[in-house]
Amino acid sequence: QVQVVESGGGLVRAGGSLTLSCAASGDGFSIDAMGWYRQAPGKQRELVARFTRGGSTNYADSVKGRFTISGDNAKNTVILQMDSLEPEDTDVYYCKVLAKSSAGYTFQYWGQGTQVTVAS
C-alpha cells in the first residue's frame with residue numbers, strides 16, 4: 001500500500017560524496033518518519049539517519065558530521081547527503097518508511113536497497 005523508491009547509489013572514491021534519495025507514495029496513510037539503514041554481512045541492520053515529519057533527525061555515531069538527512073513532507077521524500085565517504089561506509093543502504101493508517105496503526109515499509117561502494 002506504500003511504495004518506497006530509492007535512488008542514488010554508486011561507486012565513489014574515499015573522501016568523495018554521494019546523495020541518496022527516497023520517495024514514498026500511497027493512499028490512506030500519513031508518513032511519520034523516513035530513514036536510511038545499512039547492514040553489513042553478519043551484523044544487524046543499522047540506522048544511518050532518520051528524518052521525522054516534525055523535522056527531528058537521528059544519526060549513527062559513525063556518520064555524524066559527515067552525513068546529512070533532510071526531508072520534504074509535502075513530497076514524502078528524504079535526501080541523504082553523504083560526504084567524506086570512507087571504505088567502511090560500503091554497504092547496501094535501505095530506505096525505511098513508518099506510515100500511520102487512519103485508525104492510528106503504524107506500519108513499516110522497506111525499499112529494495114541501493115548499493116554504495118567506497119573505494120580506498
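The following paragraphs describe the overall build of a predicted protein model and then a selection of its residues.

The protein contains eleven strands and zero helices. Read from the N terminus, its elements therefore follow the order β-β-β-β-β-β-β-β-β-β-β, each one being a strand under the naming used here. The radius of gyration is 14 Å, close to the 14 Å that the globule rule gives for 120 residues, so the protein is as compact as a globular protein of that length. Along the principal axes, the C-alpha atoms occupy a box of roughly 50 × 25 × 20 Å.

Of the 120 residues in the protein, 38% are buried. The accessible surface amounts to about 6,500 Å², and carbon and sulfur atoms account for 47% of this area. When contacts between residues at least 6 apart in sequence are considered, 54% of them join residues at least 24 apart. With regard to charge, the protein carries 11 positive and 11 negative charges, and the mean positions of these two sets lie 3 Å apart.

Two buried charged residues, R38 and D89, were examined together. R38 is located in strand β4, which spans residues 29-39. Its relative accessibility is 7%, and because this value is under 20%, R38 counts as buried. D89 lies in a loop, namely the one between β8 (77-82) and β9 (91-101). The relative accessible area of D89 is 2%, so D89 is likewise classed as buried under the 20% limit. The side chains of R38 and D89 are joined by a polar contact of 3.0 Å. The side chain of D89 also makes a polar contact with the side chain of R66, at 2.8 Å.

The wider surroundings of these two residues can be described in the same way. When neighbours within four places in sequence are left aside, R38 is in contact with Q44, R45, E46, V48, S62, V63, F67, D89, D91, V92 and Y93. D89, with residues up to four places away in sequence not counted, touches R38, R66, F67, S84, V116 and V118. F67 is thus among the contacts of R38 and also among those of D89.

S84, one of the residues touched by D89, is itself in the loop between β8 and β9. Its phi is near 50 degrees, a positive value in a residue other than glycine. The relative accessibility of S84 is 40%, which lies between the limits of 20% and 50%, so S84 counts as partly exposed. A positive phi is also found at N76, where the angle is about 50 degrees although the residue is not a glycine. N76 is placed in the loop between β7 and β8. With a relative accessible area of 22%, N76 is partly exposed.

A further buried residue is Y94, which is found in strand β9. The relative accessible area of Y94 is 17%; this is under 20%, and Y94 is therefore counted as buried. Apart from neighbours within four places in sequence, Y94 is in contact with E6, G35, W36, Y37, R45, W110, G111, Q112 and G113. R45 appears in this list and is also one of the contacts of R38. Y94 and Y59 are 35 residues apart along the chain, and their C-alpha atoms are separated by 15 Å.

Two exposed loop residues were also considered. D61 is found in the loop between β6 (57-59) and β7 (67-72). Its relative accessibility is 65%, and because this is over 50%, D61 counts as exposed. The side chain of D61 makes a polar contact of 3.1 Å with the side chain of K64. D61 lies 13 residues from V48 in sequence, and the distance between their C-alpha atoms is 8.6 Å. V48 is also included among the contacts of R38.

A103 is placed in the loop between β9 and β10, the latter covering residues 106-110. At 59% relative accessibility, which is over the 50% limit, A103 counts as exposed. The C-alpha atoms of A103 and K75 are separated by 22 Å, and the two residues are 28 residues apart along the chain.

Terms used: Residues are numbered from 1 along each chain as its sequence is written. This is a predicted model: local features need pLDDT of at least 70, side-chain atom pairs count only at pLDDT 80 or more; totals for chains, interfaces and linings use all residues. Side-chain values use heavy atoms; hydrogens and water are left out. Helices (H or I, at least four residues) and strands (E, at least two) are DSSP runs, numbered from the N terminus. The radius of gyration is taken over C-alpha atoms; the globule rule is 2.2 Å times the number of residues to the power 0.38. Buried means under 20% relative accessible area, exposed over 50%, partly exposed in between (1.4 Å probe, protein chains only). Contact means heavy atoms within 4.5 Å. Accessible areas come from the Shrake-Rupley method with a 1.4 Å probe; for residues, only the protein chains shown count as cover. Lys and Arg count as positive and Asp and Glu as negative; His and the chain ends are not counted. The place of a charge is taken as NZ of Lys, CZ of Arg, CG of Asp or CD of Glu. A polar contact is a pair of N or O atoms within 3.5 Å; within protein, one must be able to donate a hydrogen and the other to accept it, and residues adjacent in sequence count only if both atoms are side-chain atoms.
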